[in-house]
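Me: Please take a close look at one part for me: the salt bridges. Start with a single residue and work outward from there.

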Amino acid sequence: MKQLLAILFENEAGALVRVLGLFAQRNVNIESLSVAPTEDTTMSRLTLLTLSDAQTIEQITKHLNRLVGVVKVINLVHVEHVERELMLVKVCAEGDERQEIKRTCDIFRGQIVDVTTNTYTIQLVGPTAKLLGFLEAIGRAHILEVVRSGTCGITRGAKVLSAGPKGA
Amino acid sequence: MTPMLTADEMLVRALIDQGIAHIFWHPGGASFPYHRALSKCEEIAFVLCRHEVGACHMADGYARATGRPGVVMLTSGSGATNSITGIANAYMDSVPIIVICGRDSVGHSVATQLDETDMIGVSRPVVKHSYIVPTANDLPRIVREAVFVATSGRPGPVVIDLPRSAYESTVKYEYERSEQISLRGYRPAESGHTGQIRKALEALLQSERPVIYAGGGVIQGDASPALLTFAECLDLPVVTSLMGLGAIPGANRLCLGMLGMHGSGLANNAIAHSDIVLALGTRFDDRATDDPEQFCPRAKVIHVDIDPSSISKTIIADLPIVGPVNEVLNILIQLANDKQELQSKRNVRYLSWWKQIDDWRQQPSGEERHTKESDSSNRIHPQDVVQTLYDETRGEAFITTDVGQHQIFVAQGYKFSTPRRWVTPGGLGTMGFGLPAALGVQFAVPQGMVVCITGESSFLINLQELSTCAQYDLPIKVFCFNNGTLGMVNQWNQIQGHENEFLGYAESMPDFVQLVESFGHRALRATSLDELKQAVYLAFSEEYKNQTVFVDVWVDPNVLVLPTKKRGSGTSTEVPVDS
């Protein structure tokens, strides 16, 4: 089951590895993660995508809350939220195919951010499913390299994730 | 004016400011610079241990007996990694210890210098929190935070890594005493939800077969007096976990003893037939619950714990209450006292339930049955040792143990009258804990009667601390249940039908009396019940009172710990005595 955790934690050495250790010690793989400082640079925000059952993720969430360096944790799958991911993909684009690839890129609202005589580097932003759909449309044979940022998520509406009291 | 101190003076000063009176240490190259200040310090007693894990177990015993944090100072590399078992043990049993390690420097690649290990990385899964000190100026704050984190909420170990790159040994730094704690990510629950507590009381009043299940959290949270008051107020029976022994006086009518794999039939029957369980400060360990599906199958579970991650982990709580057990119990007592009708009904509550419990109480327990069967053996029965010690110490000794049959015999037989006297490695099952823990307890309670009950296999794991014991003249009494075998392991082999896989080493045992005497201690041997009684009498006599006394007790190796349950068999089914 897909779980998407948003975690606010201290932006300091060693804090991230404490968070990740809780997944590793339960043999839970992390599908993607994206982390950077927030508007308050003393804090980092991590969005972490994992596949796990509800009970396991509840235990992990409780243990995340136990960590001294973790300020706030929510599971975005339980709330209305927006999620986006950025992907850079380098494709082989030669001859007649250049036009076709450009058109596919436009359909997916991608941008070509680097060009050579036989490649395009395309930037695409959207929900993960859209990025995977684009790769499908381009065709495996054309793909030279893919880099994905990992999913970022934020709740819809006025509610914000901030350094208030921790939830249980 | 702010005093100017060198980094080593600063560390010691910060510890003094936190009320630290004892430090258990083992020095080495990387910790050498700050050891100079230690020798000059008069406010803190420095205990030089023979092994780092011994130092940790001492700090652990010290903390369990008092509730104050136990502090350990070590060097880098192997000095630090040797402490891991001690730290993990404290982590599993939620004991506040602080382990300060030296390190050459941070920044250079790890593990290229002599005696270097990433101690923070190695200890990460078994600490509550850890720090690398960035600069000497941070020391007062970090020490203050470490003590706060270790002792508040659900207590646990904290590691501080102090690299030499954080300070110049000759430079003086401004010492600013740290008062404020600002940890936005750490706010342990201070009180339970009143609405939930109210519901809990109603549920208890409406129930017919209630049981209180008290865990180590009652002891750690100093909630024993409140527990007794509340249990008496509603006339509630109390069972305890291994870690909860002493939460309620063992001889009290309300106390049904320990539950679980080796628990009393009475406690297990009560839990199995209950319609409501009020669980206090316990994590429903598998040795207590066995198969969660079959644990108190008809009961509603109210779970009070300061740590939300303990709630609904193995047993789903119908009514969770996150908060310190003591606060929650005090609110329960207050709510109960406010109810007029409670006062008049005090003696008629749960009448048929108590009648059932008293019927169970009359039945012979598994322990007694087995005692009779092994009468033919002329070696000492382990339960007789526990009983003799109990009679001699009137249930008031501080008892430390290791792990195995001896541990369970004490848990079943020694009725602790007060909390914090039962010091046992419950969660990690650490053989080698008992002796150093006894030293730690004796440092904390110099006038206390401290007894280490151990097995010969466990004792051999950390016997080097007998030398520490000699150095500091600690009058602990050690009773070593010697059956020449890994008793509990063999018991399991036997129960599971692998009798031929007997693990014995009776032929390669040292002469324990000579061994212990070589450390300068009194050592006695007991091969019969009469000799045992004589040895116990001597150990606590005027003549030997102020000395370390070791008694090599030759117990019957054929005695099993009973009752016992096969795993997965549920709370109320025992392995038959003749299996």
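**Salt bridges, one by one**

Reply: Start with B:Arg253, which is partly exposed at a relative accessible area of 45% (buried is under 20%, exposed over 50%, partly exposed in between, with a 1.4 Å probe and protein chains only). Keep in mind that this is a predicted model, so local features need pLDDT of at least 70 and side-chain atom pairs pLDDT 80 or more, while totals for chains, interfaces and linings use all residues. As for bookkeeping, residues count from 1 along each chain as its sequence is written, chains are lettered from A and ligands numbered from 1 in the order written, and side-chain values use heavy atoms, leaving out hydrogens and water.

The partner of B:Arg253 is B:Asp235: the two form a salt bridge with their closest N and O atoms 2.6 Å apart (a side-chain nitrogen of Lys or Arg within 4 Å of a carboxyl oxygen of Asp or Glu). They come from two loops of chain B, with B:Arg253 between β10 (238–240) and β11 (255–258) and B:Asp235 between α10 (224–234) and β10, so you're looking at a link between distant parts of the chain, 18 residues apart (helices, H or I, of at least four residues and strands, E, of at least two are DSSP runs, numbered from the N terminus). B:Asp235 counts as buried, at 14% relative accessibility.

Next comes a network: A:Glu10, A:Asp40 and B:Arg184 are joined by salt bridges that share partners. Within it, the side chains of A:Asp40 and B:Arg184 meet at 3.4 Å, N to O. That puts us between the two chains, where the count is three salt bridges. There are also ten residue pairs in polar contact between chain B and chain A, both residues at pLDDT 80 or more (N or O atoms within 3.5 Å, one able to donate a hydrogen and the other to accept it within protein; sequence neighbours count only if both atoms are side-chain atoms).

How many residues does each chain bring to the contact? Chain A brings 23 residues and chain B brings 19 (heavy atoms within 4.5 Å). About 1700 Å² is buried between them, and carbon and sulfur atoms give 47% of that (accessible area, 1.4 Å probe, lost when the two parts are put together, summed over both). On the chain B side, B:Arg184 turns up again: with B:Arg124 and B:Gly185, it supplies 36% of the area that chain B buries against chain A, more than any other three residues.

While you're there, have a look at B:Ser312, which sits in the loop between β13 (300–305) and β14 (319–322) of chain B. B:Ser312 is buried at 17% relative accessibility. Leaving aside residues up to four places away in sequence, B:Ser312 touches A:Lys62, B:His303 and B:Ala317. A polar atom of the B:Ser312 side chain lies 3.0 Å from the backbone nitrogen of B:Ala317.

Now over to chain A. A:Glu83 and A:Lys2 meet through their side chains in a salt bridge, 3.0 Å from N to O. A:Glu83 belongs to strand β5 (residues 81–92) and A:Lys2 to strand β1 (residues 2–10) of chain A, so the pair ties together parts 81 residues apart in sequence. A:Glu83 is buried, with a relative accessible area of 13%, whereas A:Lys2 is partly exposed at 37%.

Strand β5 has another pair to show you: A:Glu145 forms a salt bridge with A:Lys90, and the closest N and O atoms are 3.9 Å apart. Here A:Glu145 in strand β8 is linked to A:Lys90 in strand β5, distant parts of the chain 55 residues apart. Both ends are partly exposed: A:Glu145 has a relative accessible area of 43%, and A:Lys90 has 32%.

A:Val147 is in strand β8 too (residues 143–148), and is partly exposed at 44% relative accessibility. A:Val147 joins A:Leu86, A:Leu88, A:Val113 and A:Val125 in a nonpolar surface patch of about 350 Å² (residues over 30% relative accessible area with no salt bridge; nonpolar side chains, Val, Leu, Ile, Met, Phe, Trp or Tyr, are joined within 5 Å, like charges within 9 Å).

To put those strands in context, chain A has four helices and nine strands, running β-α-β-β-α-β-β-α-β-β-α-β-β along the sequence. Of its 168 residues, 44% count as buried. Among chain A contacts between residues at least 6 apart in sequence, 73% join residues at least 24 apart. And for the overall tally you'd want in your notes, the structure holds 29 salt bridges over all chains.

Methods: Accessible areas come from the Shrake-Rupley method with a 1.4 Å probe; for residues, only the protein chains shown count as cover.
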